[in-house]
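Me: Could you walk me through this model, one interface at a time? I'd like to see how the parts meet.

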Number of protein chains: 2
Amino acid sequence: MAERSTAGRPGRWRSGAESRQRILETARALFRQHGFGGTTVRAVATEAGVDPAMVFYFFGTKQGLFSAALEMPPHVPPAIEAVFEGGLAGVGERLVRTLVENMDRSDRSPLATLTRSAPTHDQSQALLREFIAREITARLTALLDTPDAEVRAGMVNVQLLGLTVARYIVRIEPIASAPVEELVARFGPVVQHCLTGPPAA
Amino acid sequence: MAERSTAGRPGRWRSGAESRQRILETARALFRQHGFGGTTVRAVATEAGVDPAMVFYFFGTKQGLFSAALEMPPHVPPAIEAVFEGGLAGVGERLVRTLVENMDRSDRSPLATLTRSAPTHDQSQALLREFIAREITARLTALLDTPDAEVRAGMVNVQLLGLTVARYIVRIEPIASAPVEELVARFGPVVQHCLTGPPAA
DNA sequence: GTCTATAGACGGATAGAC
DNA sequence: GTCTATCCGTCTATAGAC
């Protein structure tokens with residue numbers, strides 16, 4: 001955590017930090033595109049312009065690299081917070097909008113990577129389940145006051161998961177190419193209905 | 001060495017067909033559980049009690065085995081037909097019920113296998129897209145008469161895909177353990193609403 | 001049809017020079 | 001910190017004996 005504090009000399013932290021950063025960025029891209037199993041350490045190293053041994057030097061194992069690649073960018077947690085701070089009214093729209101806008105930007109949000117890898121990688125599957133339970137289900141049930149809160153939250157998870165898979169993983173049209181506003185206008189009310197609509201017969 | 005008299009008659013080819021069948025059943029189970037990339041021909045052979053070379057003898061390549069494992073059982077196409085024959089009214093419930101009942105039985109329905117493999121296997125992804133386009137989107141748009149039929153069908157696909165992933169692939173609770181009737185009662189109306197509800201603002 | 005043996009390629013990971 | 005060299009395991013697929 002050495003700070004770059006020297007005035008007048010905007011130097012680098014260390015020469016190795018650059019390699020580390022390039023590896024990390026390449027890994028994020030490849031893991032997101034091909035999943036954990038479909039990505040090789042060698043491919044990451046080649047595309048990052050470094051030696052494969054460097055990857056292990058910095059991250060120990062392939063799984064260590066994967067974990068490092070999943071780190072959330074600092075702007076995501078406050079965005080999630082903001083979704084639920086507004087209360088139950090309009091939370092459906094805010095959920096859909098935040099999800100789609102963040103994933104369209106396709107920066108470091110680890111959600112696409114997790115969703116792509118979860119079906120065939122147990123560790124990703126566990127992480128995805130934990131993320132959903134902690135960030136979505138728990139917050140939704142806290143907002144709800146009905147005996148079927150868990151099921152309603154589950155229905156919302158189905159919407160968000162289905163939307164993610166259809167738009168970013170399997171790319172089903174016309175969902176994959178729809179503009180953000182259309183998705184918000186279409187799915188926002190559906191999500192809201194899952195939460196505040198009449199209970200099932 | 002018994003009757004090998006007739007040249008044109010295969011005689012007792014049954015022993016080979018049995019092996020073939022055992023391989024196929026094992027492959028279906030493993031592909032469904034671990035996807036294409038996560039399943040090895042050796043593992044299939046071992047679990048089926050045959051030699052790995054037998055698998056290649058019967059199916060040529062791993063991809064050939066995969067394709068053979070994806071063959072639909074004969075009772076599935078009529079089930080799909082029945083969903084849409086009833087017209088637009090109640091099609092949401094029939095869609096959800098048919099999907100869940102068939103996949104819970106987890107017989108040879110290839111949908112779980114395709115959905116598990118699609119995120120990391122291009123060929124599975126293409127097959128899944130084709131299946132959805134042919135069996136769901138096309139039939140739904142034929143039933144609808146609105147200018148936004150494609151988007152409405154897309155919304156239904158999101159429901160079905162999300163339900164499949166949540167219940168059978170990633171196993172998100174409480175969706176994964178919910179009784180069939182609860183899912184039908186909850187998601188049937190939502191799917192119906194996607195098709196026949198008021199258009200988005 | 002079934003098995004043994006193996007080719008040929010690839011991927012994760014380590015040791016050690018510089 | 002970076003690279004070379006390599007070990008070791010696993011995988012798909014093939015050749016050929018029986």
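Me: How many Å separate the centres of domain 1 and domain 2 of chain A?
Reply: Happy to start there, bearing in mind that this is a predicted model. Chain A is divided into domain 1 (15-69) and domain 2 (76-196). Taken over C-alpha atoms, their centres are separated by 28 Å.

Me: Which three residues of domain 1 of chain A supply 60% of the area it buries against domain 2 of chain A?
Reply: The area buried between these two domains is about 850 Å², with carbon and sulfur atoms giving 53%. On the domain 1 side, more than any other three residues, the 60% comes from Arg28(A), Arg32(A) and Phe66(A).

Me: And which element gives the most residues to that side of domain 1 of chain A?
Reply: Between the two domains of chain A there are 0 salt bridges and 3 residue pairs in polar contact. Both α1 (15-34) and α4 (62-69) of chain A supply at least two residues of the domain 1 side. The element giving the most, with 5 residues, is α1(A).

Me: Now the two chains: which residue of chain B forms a salt bridge with Arg186(A)?
Reply: The area buried between chain A and chain B is about 3,300 Å². Arg186(A) is among the three residues of chain A that lose the most area to chain B, along with Pro119(A) and Val158(A). Across this interface there are 2 salt bridges. In one of them, with the closest N and O atoms 3.0 Å apart, the partner of Arg186(A) is Asp148(B).

Key: Residues numbered from 1 in each chain as written. Chains lettered and ligands numbered in written order. Predicted model: local features only at pLDDT ≥ 70, side-chain atom pairs only at ≥ 80, totals over all residues. Heavy atoms only, no water. Buried area = accessible area lost by both parts, 1.4 Å probe. Salt bridge = Lys/Arg side-chain N within 4 Å of Asp/Glu carboxyl O. Domains from an automatic or database assignment. Polar contact = N/O pair within 3.5 Å; in protein donor to acceptor, adjacent residues only side chain to side chain. Helix = DSSP H or I, 4+ residues; strand = E, 2+ residues; numbered from the N terminus.
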